[in-house]
Amino acid sequence: MRILSIGECMIEMSGGAGGAWHLGFAGDTLNTLWYARASLDPAEGSAAYFTALGDDGFSDKIADFLDTNGIDTSQIVRIEGRRPGLYIIEQIAGDRHFTYWRETSAARRLAEDETRLSAAIEAAELVYLSGITLAILPAEHRERLIALCGTAKARGQIVAFDPNIRSALWTRLDEAREAIMAMAGSASIVLPSFDDEHATFEDDGPEATIARYAGAGVKEIAVKDGPRAIHVFADGKAERVEAVPNVEVVDATGAGDSFNGAYLGARLSGADPLKAAAAGRDMAAQVVGVRGALADWPLFERWARKG
Ligand SMILES: O=C(O)C(=O)C[C@H](O)[C@H](O)COP(=O)(O)O
């Protein structure tokens, strides 16, 4: 297994606003895996998703969708009597806005079976998860996951983490802060977004975000900052990767996740952090031009041919 991504995939409604609603499937950790998978050679190992689904028809549809698109579903747990969560994307004041129905989703129970979770983590070259994964778990399971990632990091595996802070999913800000900094301590790569970090930790610039995570022992950090330059920290020094100018935005959903996926795919393929950040930036610039979080493969293949 080249990459194991851990988290929640939901039913996604996008579009609307006078037109038809479009039903898809997405979730930050799946989105990242989707774009990482696009940059990796499947012959060299799988891109696997670790989540929990229910036993209803929509859970089956999600599993089929992942299978059809080359995502390894062998690690997915099924929970009797549960269903997937759902979210709606609306465009408000030029940015994406999410409303969730996910309080009782199957994915909340993804870390119940410690043996299974631990074996899946151990088998991966790179493990990826986000602050959303942490937010949906009961405190005891969250601590379990952070500890298993710490063990993986100590074994020399790559552990990548995007704090992806969604205030709606945390009951208390100090709980979010504590969990995110604990997870950063278990991670080898951290990929934060500056607006989240500013709102949660009051960082006054991307440099402050780098300093805080570097202080927690993270050796590789790329701070996304919307349409602005990316701040990359690696080998003990911070550098900038300039933004792509004049990007046309249809729906910004998935910008951060597609950056992460292309960044991690490039790193696994041997690119250095600066080249990986440029790959992430270029992928995100394409993804904001489509509705919903996941660009479909034919579209992606057209870009690849153009490139
Ligand atoms: O919010 C959640 O829980 C989701 O997983 C839904 C979205 O697909 C991602 O959040 C998109 O993330 P961005 O790349 O930051 O736009």
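Student: What makes A271, A276 and A279 contacts of A266?

Tutor: Leaving aside neighbours within four places in sequence, A266 touches A271, A276 and A279, where contact means heavy atoms within 4.5 Å. This is a predicted model, in which local features need pLDDT of at least 70, side-chain atom pairs count only at pLDDT 80 or more, and totals for chains, interfaces and linings use all residues. Residues are numbered from 1 along each chain as its sequence is written, and side-chain values use heavy atoms, with hydrogens and water left out.

Student: Why is A266 called buried or exposed?

Tutor: Its relative accessible area is 12%. Buried means under 20%, exposed over 50%, partly exposed in between (1.4 Å probe, protein chains only), so A266 is buried.

Student: And why does R212 get its label, buried or exposed?

Tutor: R212 has a relative accessible area of 18%, so R212 is buried as well. R212 sits in helix 8 (residues 206-215), a DSSP run of H or I with at least four residues. Beyond neighbours within four places in sequence, R212 contacts M181, E197, F201 and D203.

Student: What makes a residue part of the lining of the largest pocket?

Tutor: A pocket is an open set of points on a 1 Å grid over the protein atoms alone, where a 1.4 Å probe fits, with protein on both sides within 12 Å along at least five of seven lines; lining residues have an atom within 4 Å of a point. Here 47 residues line the largest pocket, with D95, R96, D195, A252 and A255 nearest its centre. Strand 8 gives the most, with 6 residues; a strand is a DSSP run of E with at least two residues.
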